[in-house]
Amino acid sequence: MKPINPVVWFEIYVDDIKRAQKFYEKVFQIELSELPTPESEVEMKILFFPMEMDGEGAGGALIEMEGVKAGENSTVVYFGSADCSLEEQRIEGAGGKVARAKEPIGEYGYMVLGYDTEGNKFGVHSQS
């Protein structure tokens, strides 16, 4: 059996969705989409990262939800990149903080760790 990517979805909880939107759009040079919010007893706002339902990789969203604070988790989401030093150069200009500059991880390529404007840690991975 061919191994598959077991990650199908991620959620990044934020305190200020507009501020977080500007950060992720600037660092990754993408556009987040606002889609209808599912019915819930708790007020929430959701912005989706670009994704294809039948494509490779995981889909995900920024979520601002009453009762859930940003930065209170231990999960790190890694975003793919052609060269993670490019995103690293944009992190601080977007209002975030570089936690670890681009560094080699052996045969697995390179990584950068950063913090977004909400205090969430995230990673960027590239092969070069």
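Two strands count as paired here if DSSP finds at least two bridges between them. With that in hand, take one sheet of this predicted model: an open sheet of four strands, in the order β5-β8-β7-β6, with mixed pairing. Its edge strands are β5 and β6, the latter covering residues 97-104, and each of them pairs on one side only. From one strand to the next, the twist averages 20°. Helix α1 packs on this sheet, where it touches β5, β7 and β8, and its direction makes about 15° with that of β8.

A word on pairing in general. Strands of a sheet pair through backbone hydrogen bonds, and the sense is either parallel or antiparallel.

Now the pairs in this sheet. Strand β5, residues 77-80, runs parallel to strand β8, residues 121-126, and four bridges join them. If you want one bridge to find on the screen, take tyrosine 78, whose partner in β8 is glycine 123. On to β7, which is residues 110-115: this strand is antiparallel to β8, with six bridges between the two. One to look for there is tyrosine 115, which has lysine 121 in β8 as its bridge partner. β7 and β8 form a hairpin with five residues between the strands, and in that hairpin glycine 119 takes a positive phi near 90°.

Next, the sheet with β1 in it. This is an open sheet of four strands too, ordered β1-β4-β3-β2, and the pairing is mixed. At the edges are β1, residues 9-13, and β2, residues 33-34, each pairing on one side only. Strands β3 (residues 44-48) and β4 (residues 59-65) are antiparallel and share five bridges. Among the residues involved is phenylalanine 48, bridged to alanine 61 in β4. Helix α1, which is residues 17-28, lies across β1, β3 and β4, and runs at about 150° to β4. So much for the sheets; α1 has now come up with each of them, touching β5, β7 and β8 in one and lying across β1, β3 and β4 in the other.

Stepping back to the whole chain. How many helices and strands does the chain have? Its secondary structure comes to two helices and eight strands. Read from the N terminus, the elements go β-α-β-β-β-β-α-β-β-β. The radius of gyration is 15 Å, close to the 14 Å that the globule rule gives for 128 residues, so the chain is as compact as a globular protein of that length. Along its principal axes, the C-alpha trace spans about 45 × 40 × 25 Å.

Some totals follow. Of the 128 residues, 36% count as buried. The chain exposes about 8,300 Å², and carbon and sulfur atoms supply 50% of that. Taking contacts with a separation of 6 or more, 54% are between residues 24 or more positions apart.

Last topic, charged pairs. The structure holds six salt bridges, and I will go through some of them.

The side chains of glutamate 64 and lysine 45 form one, at 3.8 Å from N to O. Glutamate 64 is in strand β4 and lysine 45 in strand β3, so this pair ties together parts 19 residues apart in sequence. Is lysine 45 buried, partly exposed or exposed? Lysine 45 has 40% relative accessibility, and so counts as partly exposed.

Another salt bridge joins the side chains of glutamate 87 and arginine 90, again listed as 3.8 Å from N to O. Both are in helix α2, residues 84-91, and because they are three residues apart, about one helical turn separates them. Glutamate 87 has a relative accessibility of 9%, so this residue counts as buried; the cut-off for buried is under 20%.

One more: arginine 100 and glutamate 103 form a salt bridge in which the closest N and O atoms are 2.9 Å apart. Arginine 100 is partly exposed, at 42% relative accessible area. Glutamate 103 is partly exposed as well, at 22%.

To close, the main points again. The model is predicted. There is an open four-stranded sheet ordered β1-β4-β3-β2, and an open four-stranded sheet ordered β5-β8-β7-β6. Helix α1 lies across strands of the former and packs on the latter.

Conventions: Residues are numbered from 1 along each chain as its sequence is written. This is a predicted model: local features need pLDDT of at least 70, side-chain atom pairs count only at pLDDT 80 or more; totals for chains, interfaces and linings use all residues. Side-chain values use heavy atoms; hydrogens and water are left out. Contact means heavy atoms within 4.5 Å. Axes are lines fitted to C-alpha atoms, for helices over the stretch in contact, and angles run from 0 to 180 degrees between N-to-C directions. The radius of gyration is taken over C-alpha atoms; the globule rule is 2.2 Å times the number of residues to the power 0.38. Buried means under 20% relative accessible area, exposed over 50%, partly exposed in between (1.4 Å probe, protein chains only). Accessible areas come from the Shrake-Rupley method with a 1.4 Å probe; for residues, only the protein chains shown count as cover. A salt bridge is a side-chain nitrogen of Lys or Arg within 4 Å of a carboxyl oxygen of Asp or Glu.
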